Amino acid sequence: MHKQSITKKTIRTIMISCISLGLTALIIGLAIYTTTLFDQYVGHAYGIATHAEMNAKLNEASELLSKEVLRIYRSLTPKERAQTGTEAYRKYFSAIDSNPQTRQAWDTLIHILSTFMIDVDDVYIAMYDQETSALVYIADNIDEWSLYPGEWETVSRAEIEHFLNWDGSGMLYTIDKTQKYGWLATAGFPRRDAEGAIVDFIMVDISVDNIISHMANFSLKVSLGFLIITLLITWLTSHRIKKGVAEPIEAISDAAMKYVQGKKDGTEQNCFSSLNIHTGNELETLSNTMADMEKSLYAHEEHIRLITAEKERINTELNLANRIQSAMLPHVFPPFPDRNEFDLYAVMRPAREVGGDFYDFFLIDDDHLALVIADVSGKGIPGALFMMVSKIILQSCAMLGKTVGETLTKTNEALSSNNQAEMFVTVWLGVLEISTGKMTCANAGHEYPAIYHADTGSFTMLQDKHGLVIGAMPDVVYHEYEILLQKNDMLFVYTDGVPEATNADQEMFGTERMINNLNQSASGSPQEILEHIEQAVDGFVGSAEQFDDMTMLCIKYTK
């Protein structure tokens with residue numbers, strides 16, 4: 001009776017202590033978490049604003065768009081401005097949409113902003129008008145035209161002065177309650193013209209309701225965890241108090257019988273390792289000795305099991321990486337079914353589960369088609385990561401309207417600025433002017449293209465001028481050259497995995513054999529040509545292991 005009383009008192013004391021400590025820790029943790037979470041959200045929003053500003057560097061068209069929106073807005077009467085959000089009001093800004101230059105600038109900004117919608121409520125471009133105390137929208141990413149250029153919202157004078165007079169120190173943000181969205185944390189970063197004057201701001205909104213929601217989830221999880229831990233500690237303590245000599249001896253005896261039976265049945269059991277006896281005397285020593293004996297008997301089988309499980313995990317992750325990488329590349333053909341001026345096909349076959357090669361093609365506008373093929377120096381997961389970064393930067397620079405040479409130069413600056421892995425990528429980039437057949441190209445250490453002229457009826461190597469590979473060193477300028485494609489002319493670009501494919505006799509496929517096979521299939525479509533090259537390489541390599549990634553792209557100009 002006396003022992004039961006001590007047990008009950010001990011359990012009661014432990015529960016009270018745990019509850020008191022848990023509540024104190026919960027209050028302190030919630031305060032720290034709230035401050036950290038708020039800083040994290042604001043820092044995330046400000047980081048997105050700064051990175052978006054870097055990708056949306058102000059150019060002539062973008063500057064013209066912002067200034068034209070503000071010019072029209074300031075030319076309106078107060079009565080006309082009061083119509084914001086209506087179709088009548090949007091007609092005042094119809095010139096923005098009808099002007100190809102400002103429309104293209106708007107499209108480019110919307111594309112850039114959409115890539116930065118990561119765990120935020122909105123990313124948009126706007127400018128403050130001090131005279132009317134208004135925030136005038138230039139480009140809004142929520143729903144393409146949900147807020148048209150020129151639509152506005154009233155803001156406080158304090159917010160306007162805070163943003164327009166920012167000295168560049170710390171993070172630029174404000175917290176305010178809006179009628180439409182409730183409490184918002186808004187971070188921003190200014191875009192300036194050549195004279196340093198603010199043209200507009202890239203702004204990021206995060207709902208304060210999200211922070212409150214995370215706080216509630218945190219409190220619930222901590223409370224549940226506190227309850228579980230309290231019950232666990234209480235149970236362990238009561239078990240330890242009641243535990244004596246008889247229970248450990250009985251547990252060791254039962255474990256010995258299970259061990260003998262397991263040996264007879266051929267079943268593997270952790271009989272002694274699961275006892276968990278901590279009496280601090282000879283019983284604990286005996287339990288540990290028996291557990292060590294059991295572990296030594298099963299060590300070899302356990303080692304094999306762990307190796308097998310690790311190999312399966314790695315294979316699963318590599319398969320997932322392969323699917324992610326494949327999804328990054330255009331894989332629907334024909335890619336532009338409504339365009340009959342050209343026929344295009346591409347293929348990428350990695351040597352491992354994931355590779356470092358990539359191709360890309362995309363319309364910069366209705367009359368310009370960009371073609372990219374590249375080969376990263378590394379393979380496997382590191383090469384795949386470097387490949388995806390290179391692809392995104394190349395496409396972003398090209399979509400900003402930069403020339404082929406400027407695109408490679410900017411990509412090199414971005415990749416070589418913090419290239420701690422010392423990786424590099426060879427790139428061939430061409431932009432086809434669809435209406436004329438003129439293609440502007442640049443080569444950063446990549447393989448020579450092969451060109452087919454319909455009037456000669458054969459493929460030949462195009463000995464273009466190479467620049468340095470991208471990522472090797474900064475301050476490299478890439479030079480351009482031009483190709484004029486006539487009707488039914490074709491261009492074939494590839495990575496070194498094609499000519500350097502090696503058979504069992506260590507003989508390479510080579511460019512001469514590649515050209516011969518191209519000419520054998522020159523009468524076919526780009527898809528048929530690439531399939532023929534693949535079959536030729538596979539037939540040449542035979543049973544030898546594929547050493548390098550193999551990537552090819554072919555375009556036929558049919559205009």
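## Cysteines and the chain as a whole

The structure holds 0 disulfides, and this statement, like everything that follows, concerns a predicted model. Two of the cysteines can be described individually: Cys397 counts as buried because its relative accessibility is 10%, and Cys441 is also buried, with a relative accessible area of 0%.

The chain has 559 residues, of which 43% are buried, and its secondary structure comprises 14 helices and 17 strands. Among the contacts in the chain with a separation of 6 or more, 67% are made by residues that lie 24 or more positions apart.

## A six-stranded open sheet

An open sheet is formed by 6 strands, which follow the order β3-β2-β1-β6-β5-β4 with antiparallel pairing. Its edges are β3 (152-154) and β4 (173-178), each of which pairs on one side only. On average, and with direction ignored, neighbouring strands of this sheet are turned by 35 degrees against each other. Strands of a sheet pair through backbone hydrogen bonds, either parallel or antiparallel.

At one edge, β4 pairs with strand β5 (residues 182-192) in the antiparallel sense over 6 bridges, and Tyr173 has Ala187 of β5 as its bridge partner. Two helices can be placed against the sheet. Helix α2 (residues 60-75) lies across β1 (122-129), β2 (134-140), β3, β5 and β6 (198-207), and runs at about 140 degrees to β2. Helix α6 (residues 100-114) also packs on the sheet, where it touches β1, β2 and β5, and its direction makes about 85 degrees with that of β2.

## Two nonpolar cores

In soluble globular proteins, nonpolar side chains tend to be buried together. Here the largest nonpolar core has 54 residues, and the members that touch the most others are Leu65, Phe93, Tyr128, Leu135, Phe201 and Met203. At least two residues of this core come from each of α1 (2-55), α2, α6, β1, β2, α7 (157-164), β5 and β6, with α1 giving the largest share, 7 residues.

Tyr128 shows how such a member is surrounded: when residues up to four places away in sequence are not counted, Tyr128 touches Arg74, Ala134, Leu135, Val155, Glu159, Ile160, Phe163, Leu164, Phe201 and Met203. A second core, separate from this one, has 53 residues and includes Met388, Val431, Val493 and Leu553.

## Two buried residues in their surroundings

Ser133 sits in the loop between β1 and β2, and it counts as buried because its relative accessibility is 15%, where the cut-off for buried is under 20%. Apart from neighbours within four places in sequence, Ser133 is in contact with Glu153, Thr154, Val155, Arg157 and Ile160.

Leu344 belongs to strand β7 (residues 342-349) and, at 4% relative accessibility, is likewise buried. Leu344 and Ile555 are separated by 211 residues in sequence, yet their C-alpha atoms are 4.5 Å apart in space. Ile555 is also one of the residues that Leu344 touches, together with Phe333, Pro335, Phe361, Leu371, Pro526, Leu553 and Cys554, again without counting residues up to four places away in sequence.

## A helix with a buried side

An α-helix has 3.6 residues a turn, so residues three or four places apart point the same way. In helix α13 (residues 511-520) the buried residues are Met514, Ile515, Asn517 and Leu518. These residues lie on the same side of α13, because the arc that they cover around the axis is only 165 degrees. Glu512 and Gln520, on the other side of α13, are exposed. The cover over the buried residues of α13 includes β12 (450-453), β13 (458-461), β16 (490-494) and α14 (526-541).

## A strand with alternating side chains

In a regular strand the side chains alternate between the two faces of the sheet. Strand β15 (residues 481-484) shows such an alternation: Tyr481 and Ile483 point to one face and are buried, whereas Glu482 and Leu484 point to the other face and are not. β15 pairs with strand β11 (residues 438-444) in the antiparallel sense over 4 bridges, and within this pairing Ile483 of β15 is the bridge partner of Met439.

Note on methods
Residues numbered from 1 in each chain as written. Predicted model: local features only at pLDDT ≥ 70, side-chain atom pairs only at ≥ 80, totals over all residues. Heavy atoms only, no water. Disulfide = S-S within 2.5 Å. Buried < 20%, exposed > 50% of the residue type's maximum accessible area, 1.4 Å probe, protein only. Pairing = 2+ DSSP bridges. Axes fitted to C-alpha atoms, helices over the stretch in contact; angles between N-to-C directions. Contact = heavy atoms within 4.5 Å. Core = buried A, V, L, I, M, F, W, Y, C linked by side-chain atoms within 4.5 Å. Arc of directions from axis to C-beta.
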